[in-house]
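Visitor: Hi! Could you walk me through this one while I have it open?
Guide: Happy to, just ask as we go.

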Amino acid sequence: MLVNRLISTLLFLLLLAVSAQCVFAEQASVQGTRVWTDPEKTRLVFETSSAITHRIFPLDEPDRLVIDLDDARMQSNLPKVDLGDPVLVGLRGGVRGGSDLRIVLDLKQPVRAKSFALSPNERYGHRLIIDLTPKDGSSVRRVALPSFPNSSVRKSGAPRGEGPAIIVAIDAGHGGEDPGAIGAAGTLEKDVTLAIARELAKLVDREPGLEALMIRDGDYYIGLQERIGIARERRADLFVSIHADAFTNATARGSSVYTLSFSGASSEAAKWLANRENSADLIGGVDLANNDDLLATVLMDMTQNATIEQSTQAAAMVLANLGRLGVVHRGDVQRAGFAVLKAPDVPSILVETAFISNPEEEKRLRDRGHQRQLAQAIMAGVLGYFRKYPPHGTLVDASLQGGGGAREYVIGPGDTLSGIAKRHSVSISALRARNGLNDDIIRVGQVLAIPEDS
């Protein structure tokens with residue numbers, strides 16, 4: 001009798017344990033939490049074992065944001081928040097109602113929260129993304145662009161023809177949630193591209209008449225369409241996207257330079273790389289469901305034949321200079337449908353500096369000296385391009401043109417000789433005499449030497 005009772009009790013306890021394990025197994029677990037801050041927002045990323053339902057609501061006095069995750073448990077510690085984060089003080093969490101998880105964000109100011117879920121991809125499982133922006137509509141933090149004392153800066157929306165700097169948009173590939181390709185020694189493409197981009201920006205800003213525009217200047221992700229938008233908003237004269245990708249064959253080596261193609265890739269490698277890069281938004285955490293048809297509109301409105309021709313010229317000059325530095329993967333400019341190159345009015349190139357999947361090249365990519373040499377080679381190509389094709393309506397310093405001290409102005413649409421003379425404080429007669437003009441007829445693309453005085 002006693003034995004039967006003992007057996008029954010043991011069976012009952014075993015059933016309870018199994019039931020508890022089943023319930024526990026059904027719960028989603030938060031396997032990791034990350035915080036990223038870019039110029040526009042602070043982003044929280046919750047990696048979960050399965051799809052998860054959630055609710056978000058704010059509290060005030062003090063400002064907080066509450067995130068309730070249904071039937072979930074915390075499997076990892078919440079991260080510490082950088083003291084300099086503009087909206088977050090910290091994160092804390094606990095069990096609610098026995099099976100739910102509540103995470104509380106302590107805030108420095110009221111915020112607007114946008115959340116969306118991402119399905120698993122080649123690199124990550126289920127993710128819950130929460131973006132925080134100040135409720136007053138201000139930016140989280142603007143990344144300061146390098147000062148440029150040698151020329152005036154063209155502000156967003158400012159017209160051509162005021163003697164602005166030539167703007168080179170420098171796009172460090174990947175970032176934040178998207179590490180890009182990873183070398184055998186653990187080198188992250190996003191770190192290499194940012195290091196080379198910063199070296200290139202220094203060189204651009206040292207050149208009279210040029211200004212660097214860093215698309216990404218920190219470890220955060222920017223969507224492919226947004227990268228294009230930043231360059232177009234600032235009316236960039238050239239867009240240079242920097243990468244150090246991997247390939248299926250670890251012996252692949254050398255630099256490559258790409259321009260946009262709508263009719264197909266120039267090689268299987270180009271097609272493979274373009275597909276890989278275009279999937280970055282799936283990894284980086286962009287809410288693709290809310291994307292508009294910008295790229296479709298761009299393709300419809302393309303005045304892009306001329307832009308692609310200019311891109312090809314710039315790409316050829318960059319490739320030639322990279323060839324002087326070391327091995328190139330292909331001896332000619334490659335073409336593929338890279339989404340990040342689809343600005344209709346900005347000549348755009350994508351530079352694969354090396355293959356991070358090649359152990360020898362990975363080692364060089366980690367070296368600061370080699371990063372600097374890559375930037376110098378790209379810069380030489382950029383200068384060669386602008387010497388041959390100075391943008392309309394820009395005041396080009398003689399050092400860029402290789403001249404002997406005179407300033408030169410490239411005529412843009414709507415320019416008149418009298419307007420140019422007034423803008424540069426010289427007389428029309430001095431302008432005519434300096435350029436051998438018999439009348440006031442000028443044409444778009446014509447280069448005028450600007451006399452030092454009247």
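Visitor: Let's start with rings. Which residues form one aromatic cluster?
Guide: Tyr385, Phe386 and Tyr389 make up one aromatic cluster. Rings of Phe, Tyr and Trp (its six-membered ring) pair if their centres lie within 6.5 Å; planes under 30 degrees apart count as stacked, over 60 as edge-to-face and the rest as tilted. This is a predicted model: local features need pLDDT of at least 70, side-chain atom pairs count only at pLDDT 80 or more, and totals for chains, interfaces and linings use all residues. Residues are numbered from 1 along each chain as its sequence is written, and side-chain values use heavy atoms, with hydrogens and water left out.

Visitor: How many aromatic pairs does a search of the whole structure find?
Guide: Three aromatic pairs turn up. One of them is Tyr385 with Phe386, a tilted pair at 5.1 Å centre to centre and 55° between the planes. Tyr385 and Tyr389 also form a tilted pair, with 5.7 Å centre to centre and 40° between the planes.

Visitor: And Tyr389, is that buried or exposed?
Guide: Tyr389 counts as partly exposed because its relative accessibility is 29%. Tyr385, at 3% relative accessibility, counts as buried, and Tyr385 and Phe386 are both buried. The cut-offs: buried means under 20% relative accessible area, exposed over 50%, partly exposed in between (1.4 Å probe, protein chains only).

Visitor: Changing topic: which residues have the most contacts inside the largest nonpolar core?
Guide: Those are Ile170, Leu200 and Val240, in a core of 43 residues. A nonpolar core here is a set of buried Ala, Val, Leu, Ile, Met, Phe, Trp, Tyr and Cys residues joined through side-chain atoms within 4.5 Å.

Visitor: Which element gives the most to this core?
Guide: Helix 9 does, with nine residues. The elements that each supply at least two residues include strand 10 (166-172), helix 2 (189-206), strand 12 (238-243) and helix 9 (368-388). Helices (H or I, at least four residues) and strands (E, at least two) are DSSP runs, numbered from the N terminus.

Visitor: What does Ile170 touch?
Guide: Not counting residues up to four places away in sequence, its contacts (heavy atoms within 4.5 Å) include Ala197, Leu200, Val204, Val240 and Ile242. There is also a second, separate core of 22 residues, with Tyr220, Tyr221, Ile228 and Tyr258 among them.

Visitor: Ile228 sits in a helix, right? Which residues of helix 3 are buried?
Guide: In helix 3 (residues 224-233), the buried residues are Leu224, Gln225, Arg227, Ile228 and Ala231. They fall within an arc of 160° seen down the axis of helix 3, so they line one face of the helix. That arc is taken from the directions from the helix axis to the C-beta atoms. After helix 3 comes Arg235, which has a positive phi near 55°.

Visitor: Any odd backbone spots? Where is the cis peptide bond?
Guide: It joins Glu61 and Pro62, with omega about 0°. Pro62 lies in the loop between strand 3 (54-59) and strand 4 (64-69). Glu61 also has a positive phi, near 50°, and counts as exposed because its relative accessibility is 78%. For context, most residues other than glycine have a negative phi, and most peptide bonds are trans.

Visitor: And His174, buried or exposed?
Guide: His174 counts as buried, at 7% relative accessibility. Its phi is positive too, near 65°, and its place is the loop between strand 10 and helix 2.

Visitor: Now sheets. What is the strand order in the open sheet of five strands?
Guide: The order is 5-1-2-9-8, with mixed pairing. Strand 5 (72-74) and strand 8 (111-118) are at the edges with a single partner strand each, so one side of each has no neighbour in the sheet. Two strands pair if DSSP finds at least two bridges between them. Strand 1 (residues 28-37) pairs with strand 5 in the parallel sense over three bridges, and Ala28 has Ala72 as its bridge partner in strand 5.

Visitor: Last one: how many residues of strand 7 are buried?
Guide: Seven of the eight residues in strand 7 (residues 100-107) are buried. Strand 7 runs antiparallel to strand 4, joined by six bridges, and antiparallel to strand 6 (residues 88-96), joined by eight. Strand 6 and strand 7 form a hairpin with three residues between them, and Gly97 in the turn has a positive phi of about 65°.
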